[in-house]
Amino acid sequence: MNLYRITTGGLMYGYKNHLQGSYKKLADAMEKVETGRTFNSYAEDPAAASKAFQLRRDHWRNGAQIRNNDNVYSTFSQAYDTIDQVKNKLGYYIANDGTLRGLNTPDGTGRPALGQAIAEAANAAVQAMNANYSGNFIFAGADGLNVPFEWGADGKSLLFRGEDVTTGDAKVLNGMNNEKTYVDIGLGMQETIDGQPIETTVYNSALSGIDFLGYGTDKDGDPQNAIVLMKQISEILLNCSTEDGKFQPASDEAVLNRLSKKLQTSLDQMNVKFVELGTKAQFLETNGTKLNSEKDTLNTQILDTEQMDEAEAITGMIYAQYCYNAALKIGMNILSESLIDYMR
């Protein structure tokens, strides 16, 4: 039969280990009460921790998508207001003080003044189309850092990012008009094998000004850009006699009639693009509501995975405190007996 000697040192060693274990459990329990989390390290609950990591990653991605959606929606809303302003100004001169009234004025003396007003309206339209939002030019396509529209050196030709919208290279203009700037707004963003985004899973946030105003020339060689048409119409009216309003040369009257009709066509096309822009803005608004709903769902799932029942957490802390106090009491007994043994 083997006899084992229980020494004071052995008792103290075992006691300290148990006391430290009790204190750690108490500290963990207190932390759970403070944080409300069911686990504070991956090792405590690997399954829940893995699920929580996935949920939080989805929550972060959802937050980025909401920010992207809100930014595009705000930009499109600004664009909507700008196009509305430009087309209303065009419509005003066509329907009220426009070129047709200039033609029908009894004595025609008001034509130069009308030409000046239309020229100013064309300049105002260029300024409006150079609208800047959040540090980017709205209608600059994929190049939001540079001013999209400016008058050429002759003061008559309109340039879009340096290219004449009427006589410029058609291939270049088509390219700028079809530029894409893709953002992730929660449509299931995916890429092809060669790293190109799949268009149905992303959203194009680029807006090209020439898509709304038009560019190039028609079969008659006349400009298809609304602002350029306004500019040419204003020049014809400005050339009219201030005394009797006669056209100079007389052939300008036929040109003005032709350009006036084409300006109306340009306005009609702008209205179509305006409606499309409104539809896009409405989609973004609906998508934003959906994304925020997803955010609420993810928040609930995260809480269900990580959050601990408050009553359970407090009960666990009280039990851990009881165990720790009991360990301290045992230590007091050990220390007392050790002191008596020493004195003996």
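Phe139 is buried, with a relative accessible area of 0%. In this predicted model, Phe139 makes a good starting point for a tour of the aromatic rings. Its partner is Phe212, which at 5% relative accessibility is likewise counted as buried.

A pair of aromatic rings is described by the distance of the centres and the angle of the planes. Applying the pairing rule gives 5 aromatic pairs. One of them joins Tyr80 and Phe274: the ring centres are 4.2 Å apart and the planes meet at 25°, so this pair is stacked, as an angle under 30 degrees is required for that label. Along the chain the two partners are 194 residues apart, with Tyr80 in helix 2 (residues 46-95) and Phe274 in helix 8 (residues 252-306). Tyr80 is partly exposed, at 31% relative accessibility, whereas Phe274 is buried, at 9%.

The rings of Phe139 and Phe212 are arranged in another way. Their centres lie 5.7 Å apart and their planes stand at 80°, so the pair is edge-to-face; the cut-off for this class is over 60 degrees. Phe139 belongs to the loop between strand 2 (136-137) and strand 3 (149-151), while Phe212 is in helix 6 (residues 209-213), so the contact ties together parts that are 73 residues apart in sequence.

Aromatic rings also gather in a group here: Phe76, Tyr203 and Phe283 make up one aromatic cluster.

Lysine side chains come into the picture too. Phe274, already met in the stacked pair, has Lys87 over its face, at 4.6 Å from the ring centre. Over the ring of Trp151 sits the charged end of Lys231, 4.7 Å from the centre.

Conventions
Residues are numbered from 1 along each chain as its sequence is written. This is a predicted model: local features need pLDDT of at least 70, side-chain atom pairs count only at pLDDT 80 or more; totals for chains, interfaces and linings use all residues. Side-chain values use heavy atoms; hydrogens and water are left out. Rings of Phe, Tyr and Trp (its six-membered ring) pair if their centres lie within 6.5 Å; planes under 30 degrees apart count as stacked, over 60 as edge-to-face and the rest as tilted. Helices (H or I, at least four residues) and strands (E, at least two) are DSSP runs, numbered from the N terminus. Buried means under 20% relative accessible area, exposed over 50%, partly exposed in between (1.4 Å probe, protein chains only). A charge sits over a ring if NZ of Lys or CZ of Arg is within 6 Å of the ring centre and within 35 degrees of the ring normal.
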